[in-house]
Amino acid sequence: MFENKTEAQAREEILALAGEYYQRFHQKKQSWQEGQRISYASRVYGQEELQNLVDSSLEFWLTSGRYTEQFEKEFASYLGLPYCSLVNSGSSANLLAFMALTSPLLGERQIRRGDEVITVAAGFPTTVAPCIQYGAVPVFVDMEIPQYNLDVSQLEQALSSKTKAVMAAHTLGNPFNLKAVREFCDSHGLWLIEDNCDALGSEYFMDGAWKKTGSIGDIGTSSFYPPHHMTMGEGGAAYTSNPLLHKIIRSLRDWGRDCMCPSGQDNLCGHRFDRQYGELPAGYDHKYVYSHFGYNLKATDMQAAIGCAQLKRLPEFTKRRRENFVRLKEKLSGTESQLILPEPCPGSEPSWFGFLITCREGVDKNRLVAYLENHGVQTRMLFSGNLTKQPCFDAMRRQQEGYRIANPLKATDLIMENSFWVGLYPGMAPEMIDYMAEKIVEALGRA
């Protein structure tokens, strides 16, 4: 088949066939029909993603390579930041973001075991897990409804002499009050980590300009798991404008090594064998010098290849998510006596991950959710609900140690008991949004 062709010609033919394969077997040509299940999220992709994936596989480099370098550069540019590190998941990105703040290179601002980090309990557990696993102490503040983000009025009460950072997520795409949180962190010399895994594309107006969420804190994180705003299958990123934090993140991601040379390249700095580190012999190979206790959290170049194509679609994805939110909220107008509908944080333009609903007194959430599920509408809870009531906290609850609750988590418990959400992903057709609203209203009428 390729007997008289160059490698470039053979590659071009294979990629053309991959495009045809997508058109024939992947492209969905039928519109949604009533009776088909509406999932809370789904991948949205085209032939370029498949062609990029095949292109990367033909090189058989497999680990981080040219697509990784391209993605990191383009994603950082999208966020308006100089530094981005691609990793294998959003949870790994959160791990790196937190662990970067434990580096001895940060001097007095280093987080040490026993230090405190302010966060929320109504979220995904891997926002908090790195803190607990390291031996720092999460301090939980309550949420505010209907923004479903941390209650900034409780920050000062949560503060102690041991507080070193705030680490919190933008809930389902809705930014938390970044102005208040950033000012709080700046006034007390605290780090701010934005878990941006559910909010990629959201914007916040600050310092006279619209900025992408994830770019305002000291470190931001993203996830590229299939339900999220864009996908690589698995994958994530940690990003920053701080060159020292970037150096630490790269070190921790890449085994903890001190050398910054990319995989497959040696001696870019020109000092591979002419320096002395720790108590190692002078001239010890810099590629095997370790400044941190690190990990291997790199993504593959095939994942990055998909991400490069997905990133081009992100503005359209964001537009569709916002349109879907507006349509669903309009369709649910009139239900406010029974439901609390979500509101964007003032000064923000969310890229909504989902539509979070809280049932008012007299409305049984479990019955409402069961009705939707039985009629083909997939629902989700707000992740862990109240994380401190999960089984993973059993031992800490019994021993009354390892975490602190700054104020009673009344709104958090209300969310755990009475809230659920449905999807707004960009592949949803208007009739799917209308059907979800119809079934919600129907369920309320039956109640």
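**Cavities, a three-stranded sheet and a buried strand**

The structure holds three cavities of 30 Å³ or more. The model is a predicted one, and the values below are computed from it.

The largest cavity has a volume of about 50 Å³. Its lining draws on separate parts of the sequence: Ser-42, Arg-43 and Val-44; Pro-226; His-228, His-229, Met-230 and Thr-231; Gln-310, Phe-317 and Arg-321; and Pro-426. Sorted by class, the residues lining the largest cavity comprise five nonpolar, five polar and two charged ones.

The second largest cavity encloses about 40 Å³ of space. The residues that line this second cavity are Gln-147, Tyr-148, Thr-171, Leu-172, Asn-174, Pro-342, Trp-352, Gly-354 and Leu-356. By class, five of these lining residues are nonpolar and four are polar, with no charged residue.

Asn-174, one of the residues lining the second largest cavity, is located in the loop that runs between β6 (163-169) and α7 (178-188). With a relative accessibility of 1%, Asn-174 counts as buried because the cut-off for that class is under 20%. Two polar contacts of the Asn-174 side chain involve backbone atoms. One is with the backbone oxygen of Gln-147, at 3.1 Å. In the other, a polar atom of the Asn-174 side chain lies 2.9 Å from the backbone nitrogen of Cys-345. With residues up to four places away in sequence left out, Asn-174 touches Gln-147, Asn-149, Glu-343, Pro-344, Cys-345, Ser-348, Pro-350 and Trp-352. Among these contacts, Gln-147 and Trp-352 also appear in the lining of the second largest cavity.

Ser-348, another contact of Asn-174, is placed in strand β13. Its relative accessibility is 10%, so Ser-348 is likewise classed as buried under the 20% cut-off. A polar atom of the Ser-348 side chain lies 2.6 Å from the backbone oxygen of Cys-345. Cys-345 therefore takes part through its backbone nitrogen with Asn-174 and through its backbone oxygen with Ser-348. Residues up to four places away in sequence again being excluded, Ser-348 touches Asn-174, Pro-175, Glu-203, Tyr-204 and Trp-210.

Strand β13 belongs to an open sheet of three strands, with the order β9-β8-β13 and antiparallel pairing. The edge strands, each pairing on one side only, are β9 (209-212) and β13 (348-349). Between strand β8 (residues 203-206) and β9, the antiparallel pairing extends over four bridges. Within this pair, Phe-205 stands opposite Trp-210 of β9. Trp-210 is also one of the residues touched by Ser-348.

A separate parallel pairing involves strand β2 (residues 116-120). Five of the five residues of β2 are buried, so this strand is largely enclosed by the rest of the structure. Glu-116, Ile-118 and Val-120 point one way from β2, whereas Val-117 and Thr-119 point the other way; all are buried. Strand β2 runs parallel to strand β3 (residues 137-141), and five bridges join the two. The bridge partner of Ile-118 in β3 is Val-139.

Definitions and conventions. Residues numbered from 1 in each chain as written. Predicted model: local features only at pLDDT ≥ 70, side-chain atom pairs only at ≥ 80, totals over all residues. Heavy atoms only, no water. 1 Å grid on protein atoms, 1.4 Å probe; cavity = no way out; pocket = protein on both sides within 12 Å on 5 of 7 lines; lining within 4 Å. Points joined across faces, edges and corners; volume = space filled by probe spheres on them. Nonpolar A, V, L, I, M, F, W, Y, C, P; charged D, E, K, R; others polar. Pairing = 2+ DSSP bridges. Buried < 20%, exposed > 50% of the residue type's maximum accessible area, 1.4 Å probe, protein only. Polar contact = N/O pair within 3.5 Å; in protein donor to acceptor, adjacent residues only side chain to side chain. Contact = heavy atoms within 4.5 Å.
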